[in-house]
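Trainee: I am new to this structure and would like a close look at a single part of it. Please take me through one strand and what surrounds it.

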Amino acid sequence: MNQSTGTIPINAHIQKWVKDVAAMCQPDEVFWCDGSEDEKERLTKIAVHGGDLIPLNQKELPGCYLHRSALNDVARTENLTFVCTDQQEEAGPNNNWMAPAESYEKLSKIYAGSMRGRTLYVIPFLMGPAGSRFSKVGVQVTDSVYVVLNMRLMTRMGKIALDHLGNSDDFTRCLHSKADLDIERRFICHYPQDNTIWSVGSGYGGNALLAKKCLALRIASKLGQKEGWLAEHMLIVGVESPDGEITYICGAFPSACGKTNMAMLVPPPSMKGWKIHTIGDDISWLRVGSDGRLWAINPEAGFFGVAPGTGSNTNSNGFKMVKRDTIFTNVALRDDGTVWWEGHDDPVPDNAQDWRGKPWDPEGGYPAAHPNARFTVSIKQSPTYSPEWEKPEGVPISAMLFGARRQKLVPLVYQSFNWQHGTFLGATLASETTAAATGAVGVVRRDPMAMLPFCGYNMGDYWGHWLSMGKQVTNPPKVFRVNWFQRNERGRFLWPGFGENLRVLRWVIERSKGGGNANETPIGYVPQATSLIGEGLDVSKSDVDQLLSVDRQAWKNNLKSQSDFFDTFGDHLPAGLREEHRALAKRLNG
Ligand code: OXD
Ligand code: MN
């Protein structure tokens, strides 16, 4: 029998499941987490002692630690991520698929005895506010103390989750083992029909913090289809105008495209009286309210943000937020025990260790921090934290943004004609890839709703679900497409981005209230330049014109790639999207 530490929950379903998992993985000890402060201290000591965390300069960065991952384990591995349903068609062309029996058998062999000499931690966690109809419970088992400490920041962990669950069996079973971190034996498998996730061979956030992408998006998207709600890769932000009115906006952007920055945007000095309220930076769960509007919660409790590029001039709130009680992963370490990354306020350090722990050569032509280096921090540390995050009913959403990274073609912002057209804008989203996933960076790929790596079922059916949600929401949010990343011929960004994006949000808010100037174009409503230009904006009129221009021929050339992509979904493509594609072609050719 394994030795046990901590308080064993009375929920018999959890006890039984943990017993079965322990019999397979063979840990030396089972540690039941309660989420308390004492426990945090104890686990931190264990992590430091075992080399999982390096204490940082506690005077400069109190409560902060550095984690260095294995060299081959620095990003999500989409090619090793599977949705395991009875029929491949249920998973769709957007997912890798394995038959459940085959994958359970394959992974069982890797898990067998994988925790010998290790502790198995049991982490009950709650996604969403306690007592909310939105919220879901998960229980993660892991052999990584780094994962436990991250889950503690990213979720409401311990007693609160057990209290919410009571004696119910309705929780996601999340099994994780680092095993031997061998990429050949790495799998992240989802079993929506069993409400189960099995992940093995990786300690990286998106692969190992199973509450995040695995539960809150892949499993939750399927639950949402069944139960009539949406799980989306969207930030949630409240924008307060000078008259004190707060408008809530959701925004879907692919990984590492600035969601964290936007969620805590700093208004430019020229926009006095505007304020930002942060509800979430990565995931939204949305349900229809009794008022016919869509209401959203952020199921998470922390940020797992990209460190490089975070500095006072890009995200001063984010930069301030990570000065205490933060876990850094794969950033550089300076010899005074503080951290550094590309885009940090401080100058390039002479003496630093790079993310691998090797002396860094600033002239060596390689970065000190890994491009996907991260910080993990509680949402409450954001200077713009909004207590509305705790509201069981969520916040009402007036506008939704679909954004991506495109050097050309896509204007700074445009508005859809209606919900169905908005769904089409989301479904045709394409973006240049980033370092958040392994594979080539900077290649344009279709990433519908920024959910390509995260939709836990056939994306054609998911679009159908979006359209059916549109029928239930009598007062739907207005839907917009945005692109902060257009460049000119010489490769210079045309739009300053960051705080200046608030000018775009101001127009979005005006439009969502039925006002604001716009020109109707074949792709949607585009703002007039006067809506953006004004005091303090350092962008020439000709650049603004280019940012807002619609290149009809280029859009015509794009039609075929859209329909080729749609064709890959066969009969699962909802008629409404085919209709929108035809209507776009007609408007472009008209
Ligand atoms: C993330 C991601 O970590 O999208 O949020 O990769
Ligand atoms: Mn994300």
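**Strand β2 and its surroundings**

Mentor: In this predicted model, Q3 has E29 as its bridge partner in β2. That bridge belongs to the pairing of strand β1, residues 3-6, with β2, which is parallel and runs over four bridges. Between the two strands the chain passes through helix α1, residues 12-25, and the resulting β-α-β crossover from β1 to β2 is left-handed.

Strand β2 itself covers residues 29-32. The side chains of E29 and F31 point one way from the strand, while V30 and W32 point the other way. Are these residues buried or exposed? All of them are buried.

β2 also pairs with strand β7, residues 119-127. Here too the strands run parallel, and four bridges join them. One position to look for is W32, which stands opposite V122 in β7. In general, the strands of a sheet pair through backbone hydrogen bonds, in either a parallel or an antiparallel sense.

The loop that leads from α4 (100-111) to β7 holds M115. M115 counts as buried because its relative accessibility is 0%; the cut-off for buried is under 20%. Its contacts, leaving aside neighbours within four places in sequence, include C25, Q26, P27 and D28. L120 is another contact of M115, and so are V141, T142, D143, H176 and S177. For C25, the C-alpha atom is separated from that of M115 by 5.2 Å, although the two residues are 90 residues apart along the chain.

Two other places can be set beside this part. One is the manganese ion (ligand 2), whose protein donors are K213 through NZ, H233 through NE2 and D282 through OD, lying 2.2 Å from the ion. Their spacing in sequence is K-x19-H-x48-D. K213 lies in helix α8 (residues 211-227) and D282 in the loop between β16 (275-280) and β17 (284-288), so this pair ties together parts that are 69 residues apart in sequence. Both K213 and D282 are buried.

The other is an open sheet of three strands in the order β22-β21-β23, with antiparallel pairing. Its edge strands are β22 (339-340) and β23 (352-353), each of which pairs on one side only. Strand β21, residues 332-334, is joined to β22 by two bridges, and A332 has W340 as its bridge partner in β22. The pairing in that sheet is antiparallel, whereas β2 runs parallel to β7.

Key
Residues are numbered from 1 along each chain as its sequence is written. Chains are lettered from A and ligands numbered from 1 in the order in which they are written. This is a predicted model: local features need pLDDT of at least 70, side-chain atom pairs count only at pLDDT 80 or more; totals for chains, interfaces and linings use all residues. Side-chain values use heavy atoms; hydrogens and water are left out. Two strands pair if DSSP finds at least two bridges between them. Buried means under 20% relative accessible area, exposed over 50%, partly exposed in between (1.4 Å probe, protein chains only). A crossover is right-handed if, with the strands pointing away from the viewer, the path from the first strand over the helix to the second runs clockwise. Donors are N, O and S atoms within 2.8 Å of the metal (3.2 Å for Na, K and Ca); water is not among the atoms, so sites may look incomplete. Contact means heavy atoms within 4.5 Å.
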